[in-house]
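Work through these exercises with the structure open beside you. Try each task before you read its solution.

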Amino acid sequence: MSHLLEVDNIVLRFGGVTAIDGVSFHVDEGELFAVIGPNGAGKTSVFNSLSQVYRPQEGDIKWKGSSIMGLRPDAVAELGIARTFQNIALFGQMTVIDNLLMGRHIRMKGNWWQNMLWKASKAEEMANREKVEDIIDFLEISPYRKMPVALLPYGIQKRVELGRALAMDPELLLLDEPAAGMNLEETEDMARFILDIREELGIAMILVEHDMGLVMDIADRILVVDFGKPIGTGLPEEVQQNPDVIAAYLGGDFVDL
Amino acid sequence: MSFGRPLLRTSYEADAAILPTWFQKGSAIVALLGVTLMALGFGPLEAIPKFLLGNTWINPVTITVVFAIAALGINILVGVTGQVSLGHAFFMGTGAYTAVMLGGNVGEEESWKACVPFHDNMGLLAEQGECGLGLPIWIWLPASGVVAAAIGVLVSPAAVKVRGLYLAIVTVGLVFIGLHLGRMLPEWAGDFESGRKWPKLDLRLWKEETPLVEMTEDGKWFGLIHLSEEQKQFFFLFSIMLLMLWFAKNLVRSRTGRALQAIRDRDVAAEVMGVPEFKYKRIGFAISSAYAGIAGALFASLNGRVSPVDFGLLLSVDFIAILLIGGAGTIAGTMLGTVFVELLPEVVEKFTAWMATKLDAGGPVGLISNFLLTEGGEGDFGPISIATVAPGWPMSTFQWNFVIYGVLIVVFLIFEPLGLFGVWLKVRNYWKGWPFSY
């Protein structure tokens, strides 16, 4: 059976440091997959490998059965893989609307000279603006639409970033710590958005998160990594019982990996 | 259009309009009318520029219009795409030379080469060279944009891979290459000092005697209105500027412009959003160079002389000053910056000249001018020298202008990074919140 995304034994090294050491997993359509692990375990490196910002030296990443290794990040985006960033990478001087319209970039066609003449690209701009407004409604950020995102509070920025990724009409959404630094209420809001995205839009997601409560509540399956190595995959209950995972998180006797 | 609630929009199209509120629309119309009447010599309105810039005020204003085109270009590269380039003068030069080669005044025979006597690279006076091809403006003006853009694309592989300071240094290199080529190829560039013949602005279908639209002599225009040469050129260049302004504005409000801004704000994120970084940097480079090329060509034909020395590093720095003072990344700011940077020196000069006439007038004005100006005589003090040659203290107005720029740039960088546009925003936001919300 072919999975939506298949990661096969990837290895990523920076000089002498092996950031990812043989991680394999797969994600099916509509699935909410979570990657957890202590700080520095290589979770974000996995994301960067998926979007080809980093190029793993070994292994293979397959999107719907064909390899995406060696593609440029923008080509990966066009396949339908969208992501958010751990430390918010919004376009700070642009407004919320423009940020979300940026997400529509790959779904638009107008080239520079059509844009400069405006007439030819007007219809397209307006149609995409409508899509963006739908997302703004969905994420309840309409009061902030016209503000430069750099001025917005952190929690809203996180939401805008989620919106920007959604605007790409992705089939797989990579969420890098969507609830990092948020209070309980904001975390609950974010969890609700994530569940809504799954139920209403049916988008598969990979979630990296430190908030264990959130992960255990909403994830279908979980991969645990530590020091770049996978130490367990399975349903939330299974992972919670896994002795290696407990050792990695709570300390204890060194487990020989 | 709603007068009571200007921020109420009923369609996305209205929201994306260049001038979304009736106030902005109205002010634009008033400004256009004002400028037109001013240029036509309507007394009360003309009094303002006459007072600030003297009777020949239309000349510096026309040059400013041309610089505004180039500034729009540098704004696309530096302000919108965030790639700090000091090579703008080189691209202006490219455009200017394309224009003189294609459109230069025809002499004995038509040729690409220079028309005036020039010194060869041994420093000897060579024979009189030949002129440009004498093609009409509708060929040389777009061509100068296209050639500059092409050269921009040609050098972009080196430019797209470096960022920030490194890019600035790479592009400075371009300016020096341009100057060097000018020195080494006098039969192309014309004499290093005196340059070569310029193309005329007249609009011809081909090379016929009487131009379709004539712009180099005083006289009736379209058989309707009597205008001077300067006025004709002003109107022509001003319309070109408006067109280029409209192009630039369309660019930043649509897909390509957003991608460029995204690269400026966060290049890695832009790539992950599906923007091929190098491709878009190249587009930014090319469009900016095209603007520079067109401005360079117009500058050449206005200046009536094209020489490599006109396109030195200081010209590039001028544009950076325009962006910093006006507000990088905003088109309104670019316009404000251009007007400020290009016209302020003229105003300072005219003001000094006016003060000089009051030296012996007595009264408070005479006292102030005595205090500020010095003719270099014994016991005569003051920071501004009006003697013809004045190295060192006191400085001439020319030197003072540099000081004023330097100080202004520092002041804006520290207090108002958004430039004059930021000042306007502050004023606007103040009135927005004061007693009524609109």
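Four exercises follow, each with a worked solution.

This is a predicted model: local features need pLDDT of at least 70, side-chain atom pairs count only at pLDDT 80 or more, and totals for chains, interfaces and linings use all residues. Residues are numbered from 1 along each chain as its sequence is written, while chains are lettered from A and ligands numbered from 1 in the order in which they are written.

**Exercise 1. Describe chain A by its secondary structure, its burial and its radius of gyration.**

Step 1: Chain A holds ten helices and ten strands. Both are DSSP runs, numbered from the N terminus: helices are H or I with at least four residues, strands are E with at least two.

Step 2: Of its 257 residues, 45% are buried. Buried means that 20 or more other C-beta atoms, placed from the backbone, lie within 10 Å of the residue's own.

Step 3: A compact globule of 257 residues would have a radius of gyration near 18 Å, and chain A agrees because it has 19 Å. The radius is taken over C-alpha atoms, and the globule rule is 2.2 Å times the number of residues to the power 0.38.

**Exercise 2. Find the residues of chain B that touch chain A.**

Step 1: Count contacts, meaning C-beta atoms, placed from the backbone, within 7 Å. Chain B uses 27 residues, and they meet 34 residues of chain A.

Step 2: Locate them. α1 (12-15), α9 (229-252), α10 (255-265), α11 (267-272) and α12 (277-303) of chain B each supply at least two. The most come from α10(B), with eight residues.

**Exercise 3. Trace helix α4 of chain B from start to end.**

Step 1: Check the length. α4(B) covers residues 58-80, which is 23 residues. From first C-alpha to last it reaches 31 Å, close to the 33 Å expected at 1.5 Å a residue. That expected span is 1.5 Å times one less than the number of residues.

Step 2: Look for a bend. α4(B) has a kink of about 30°, centred on I74(B). The bend is the angle between axes fitted to the seven residues ending there and the seven starting there.

Step 3: Look past the end. Just after α4(B), G82(B) has a positive phi of about 75°.

**Exercise 4. Is α4(B) mostly covered or uncovered, and what does it give to the largest nonpolar core?**

Step 1: α4(B) is mostly covered, with 21 of its 23 residues buried.

Step 2: The largest nonpolar core has 169 residues. Such a core is a set of buried Ala, Val, Leu, Ile, Met, Phe, Trp, Tyr and Cys residues joined through C-beta atoms within 7 Å. α4(B) gives the most to this core, with 15 residues.

Step 3: Y291(B) is among the residues with the most contacts inside the core. Its contacts include I69(B), A70(B) and M244(B).

Methods. Two residues are in contact if their C-beta atoms, placed from the backbone, lie within 7 Å. A residue is buried if 20 or more other C-beta atoms lie within 10 Å of its own, exposed if 12 or fewer, and partly exposed in between; C-beta atoms are placed from the backbone. Lists of a residue's contacts leave out its neighbours within four places in sequence.
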